[in-house]
Amino acid sequence: PLTKELGQLRVGAGSPAVDVPAAKSKKQIDVAAEYAKTQGARDILNLVVVGHVDAGKSTLMGHLLFALGQVKERTLKRFERDAEKIGKGSFAFAWVLDETDEERSRGVTMDVATSSFMTKHRRFTLLDAPGHRDFVPNMISGASRADVAVLVVEASTGGFESGFDGSGQTREHAVLVRALGVRQLVVAVNKLDAVDWSQTRYNEIVQRLGEFLTSCGFPKGDVRFVPVSGLGGVNLAQRAGPETPVLAGWYRDAADSTQPGPCLVDLLDTFAIPERTVSRPLRLAVADYFRGGAASSSNTVSACGRIGQGCVQIGEKVMVVPGG
Ligand code: GTP
Ligand code: MG
């Protein structure tokens, strides 16, 4: 019976065994044409930001959005004032992405926040994942939608270790994003301001983490490291300059040593666009399911997951097969 029921599962329709006329009346769209339209001039990438709790993910991305002009000066001033009032002054940039009262009062991201931004050649959908272990399921839902990832690690004394050794989330998140199909990764070595931009500390982290990332299946050339301060906004949208002479002193461009090394945005801008195969048959790996959902009947099973190839729309029949 299960195979029969699954075989008849209809996308966006009601109970699997029942025909839903409403679905049929919806117009079918030309997916290839729509897809080409949404792509616009730049190519879109889904970017998930992961890493151990408190590594500075939300602050880093909040500051990046501000630096790219996505957040108004006035809004940020208000965040600074209000965060200060509840003793969370250092979280003002994180508030750009941590939007709920509970996230703000606890200073912890709980659910994935979505935003978007553009670089010179790319358009990004940003998914800011929570690092706290209680919210790993939310982190997975974010990572399962991602094409590429930024892994944020702390460079501060003991900070990297607490995420990387023992029960820290750095390893777990790296393994998860790779298992969910992400190959291209930028590692933001964050909070380097807290160790006076120490090159020794940076190299130590690059070495230890690099070995680990290779061992969990990230192709060597697809992992790149960048020294940053999310809080200070250093090396995010602009390369290091005279304000951070120590960093600018040792972090140089490999191709042209007269220039400082690439900033975070430079690296994001060169992510390769994964081949998208909209015209191929639908392949969707079911990541989760629940009863109820958008359909009217409470008996309906809703499935969610990531489309690996193809497309699907209302009224279409899909075949469901067990994985293994
Ligand atoms: P979760 O989402 O809860 O896992 O945390 P997160 O990784 O988003 O960290 P968040 O941005 O909330 O920042 C945590 C703390 O680290 C805040 O107090 C930040 O001010 C601080 N922080 C973030 N980036 C930096 C940095 O570059 N330097 C220093 N010194 N502190 C930073
Ligand atoms: Mg956060």
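**Exercise 1. Place Val286 in its strand and describe the nonpolar surface patch to which this residue belongs.**

Solution. Val286 is found in strand S7, where strands (E, at least two residues) and helices (H or I, at least four) are DSSP runs numbered from the N terminus. The model is a predicted one, in which local features need pLDDT of at least 70 and side-chain atom pairs count only at pLDDT 80 or more, whereas totals for chains, interfaces and linings use all residues. Residues are numbered from 1 along each chain as its sequence is written, chains are lettered from A and ligands numbered from 1 in the order in which they are written, and side-chain values use heavy atoms, with hydrogens and water left out.

Next, take the patch itself: Val286 joins Leu284, Tyr289 and Ile307 in a nonpolar surface patch of about 390 Å². Such a patch is made of residues with over 30% relative accessible area and no salt bridge (a side-chain nitrogen of Lys or Arg within 4 Å of a carboxyl oxygen of Asp or Glu), and its nonpolar side chains (Val, Leu, Ile, Met, Phe, Trp, Tyr) are joined within 5 Å, while like charges are joined within 9 Å. Accessible areas come from the Shrake-Rupley method with a 1.4 Å probe, and for residues only the protein chains shown count as cover. Finally, strand S7, which spans residues 283–291, gives the most to the patch, with 3 residues.

**Exercise 2. Work out which residues hold polar contacts with ligand 1, and how much of the ligand the protein buries.**

Solution. Begin with the shell: 20 residues surround ligand 1, the closest being Gly56, Lys57, Thr59, Ser90 and Thr109, where a residue counts if one of its heavy atoms lies within 4 Å of the ligand. Helix H4 (residues 57–67) supplies the largest share of this shell, 3 residues.

Then turn to the polar contacts (pairs of N or O atoms within 3.5 Å). A polar side-chain atom of Lys191 lies 2.9 Å from an oxygen atom of ligand 1, a polar side-chain atom of Asn190 lies 3.1 Å from an oxygen atom of the ligand, and for Asp54 a backbone N or O atom lies 3.1 Å from a ligand oxygen atom. Taken alone, ligand 1 exposes 650 Å², and the protein buries 92% of that.

**Exercise 3. Characterise the salt bridge between Lys85 and Asp82.**

Solution. The side chains of Lys85 and Asp82 meet at 3.6 Å, N to O. Because these two residues are 3 apart in helix H5, they are separated by about one helical turn. In total, the structure has 10 salt bridges.

Key. Polar contact = N/O pair within 3.5 Å; in protein donor to acceptor, adjacent residues only side chain to side chain.
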